[in-house]
Amino acid sequence: MALKAFYTRETFEFSFGARTSRGPMKDKVSWFIKIWDELKPEVIGIGECGPLPGLSIDDRPDFESVLASVLQKLSLMEYSGGLSDQHIAAIIPPGFPSITFGLETALLDLAHGGRRIIFENSFIKGRPIPINGLIWMGDFDFMIKQIDQKIAGGFQCIKLKVGAIDFERECEVIAHIRKKYAQQKITIRLDANGGFSPTNALQLLEKLAKFDIHSIEQPIAPGLPEMFELCRDSPIPIALDEELIGIETYELKVELLKRLKPQFIILKPTLHGGLSGCREWIEIAESLCIAWWMTSALESNIGLNAICQFTANYPKSIPQGLGTGTIYVRNIESPLQIANGNITHNNSSAWRLDEFNTLR
């Protein structure tokens, strides 16, 4: 069986002034892989490749030419309903996790009839996945407004970006949650995106600990020797995120987690080796009694849908980071719905690719 494949490029505009510790973002670009059997051109598998500017290892000038080369190699392979992780790895150069994710999910979608079904599991049958409510950086009033909206919308777990504005103001935002919602058991997660200095990170973590923080992602930049001491001494459990980027072999993953001994790891298929790479991270983490959760990386609903279905393969009850589907002015209409702090696949709704002509 011969496969045909090509890619398209789409830009998604944020519905607000998105800001992280790496600076403001106005939009996000994704490349979509479309794959079909030349004998059944009406059945199309779609996968999303969306490297994050300034963060992804495959955010590089030759990304598009590498993607084109990968799809050319794919068209020369014999296909009989599926390709193994080894076959996929053989045609993708090292250092392109978002292409791995896009190709894996496009092939799985094709194998399930081109219905945006990646895995046949409880999620696509309507079982909800609890998620955290993401609070974007901004001034005090902007963040408070988001927090109040999220909690009013049923979120019991709130995730705040910290490390880019005045630290005392960030503490005031967290104090607002603890004071206003003292009667509710609101879980607070923090994400510093490496924004703290290694010289005072522990001091800042000690100040934050009084607010009963669940965890903090990547308090200092990845690759610094101080991370081991923070994982050991921090009064707040440390979750590694950016630290995992670019660590691609099984042996290096084991070495990193054994050396740093974090309490959590945060996994994003776009950044951390696609679905196959995340499966490895999960296997290693669980063998070392390190907890984990999944997070999307600003994908459109195509990528988010795939990550949700992958997550549902595991018996996880803690909130996942899968609430980014509503951040764009125009997203791909899908059965994904967010309500009461959960993301759900509503089978009474349908995929609508009409507005995105290249995806139809």
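These questions and answers walk through a predicted model, from its sheet to its cores and aromatic rings.

Reader: What are the ground rules for the numbering and the values?
Author: Residues are numbered from 1 along each chain as its sequence is written, and side-chain values use heavy atoms, leaving out hydrogens and water. The model is predicted: local features need pLDDT of at least 70, side-chain atom pairs count only at pLDDT 80 or more, and totals for chains, interfaces and linings use all residues.

Reader: Which strands stand at the edges of the open sheet of 7 strands?
Author: Strands here are DSSP runs (E, at least two residues), helices are runs of H or I with at least four, and both are numbered from the N terminus. Two strands pair if DSSP finds at least two bridges between them. The open sheet has 7 strands in parallel pairing, in the order β5-β6-β7-β8-β9-β10-β11. Each edge strand has a single partner, so one side is left without a neighbour in the sheet; these are β5 (133–135) and β11 (291–294).

Reader: By what angle are neighbouring strands of this sheet turned against each other on average?
Author: Axes are lines fitted to C-alpha atoms, for helices over the stretch in contact; angles run from 0 to 180 degrees between N-to-C directions. For neighbouring strands of this sheet the direction is ignored, and the average turn is 25°.

Reader: Which residue of β7 stands opposite L160?
Author: Strand β6 (residues 157–161) pairs with β7 in the parallel sense over 5 bridges. On its other pairing, β7 (residues 187–191) runs parallel to β8 (residues 215–217), joined by 3 bridges. I216 in β8 faces L190. The residue opposite L160 is also L190.

Reader: How many residues of β7 are buried?
Author: Buried means under 20% relative accessible area, exposed over 50%, and partly exposed in between (1.4 Å probe, protein chains only). R189 is in β7 and counts as buried at 1% relative accessibility. For the strand, which is mostly covered, the count is 4 of 5.

Reader: How far apart in space are R189 and K179?
Author: Contact means heavy atoms within 4.5 Å. Leaving aside neighbours within four places in sequence, R189 is in contact with residues including N132, H214, W293 and P319. K179 is 10 residues from R189 in sequence, and their C-alpha to C-alpha distance is 16 Å.

Reader: Which helix gives the largest share of the largest nonpolar core?
Author: A nonpolar core is a set of buried Ala, Val, Leu, Ile, Met, Phe, Trp, Tyr and Cys residues joined through side-chain atoms within 4.5 Å. The largest has 66 residues, and those with the most contacts inside it are L160, F196, I216 and I265. Apart from it lies another core of 24 residues, among them I35, V70, L74 and I92. The largest share of the 66-residue core is 6 residues, from helix α9 (residues 274–287).

Reader: What arc do the buried residues of α7 cover?
Author: In α7 (residues 226–233), the buried residues are M227, L230 and C231. The arc is that of the directions from the helix axis to the C-beta atoms. These residues sit on the same side of α7, because their arc is only 95°. Their cover includes α6 (201–209), β9 (238–240) and α8 (250–260).

Reader: Is the pair of F14 and F16 stacked, tilted or edge-to-face?
Author: Rings of Phe, Tyr and Trp (its six-membered ring) pair if their centres lie within 6.5 Å; planes under 30 degrees apart count as stacked, over 60 as edge-to-face and the rest as tilted. The structure holds 15 such pairs. The centres of F14 and F16 lie 6.0 Å apart with planes at 75°, so the pair is edge-to-face.

Reader: How many residues apart in sequence are the parts tied together by F14 and Y328?
Author: Their ring centres are 5.2 Å apart and the planes lie at 50°, so the pair is tilted. F14 lies in β1 (residues 3–20) and Y328 in the loop between α10 (301–311) and β12 (336–339), so the parts tied together are apart in sequence by 314 residues.

Reader: What is the relative accessibility of S300?
Author: S300 is in the loop between β11 and α10. Leaving aside neighbours within four places in sequence, S300 is in contact with F12, F32, E48, N331 and I332. S300 counts as buried, at 0%.
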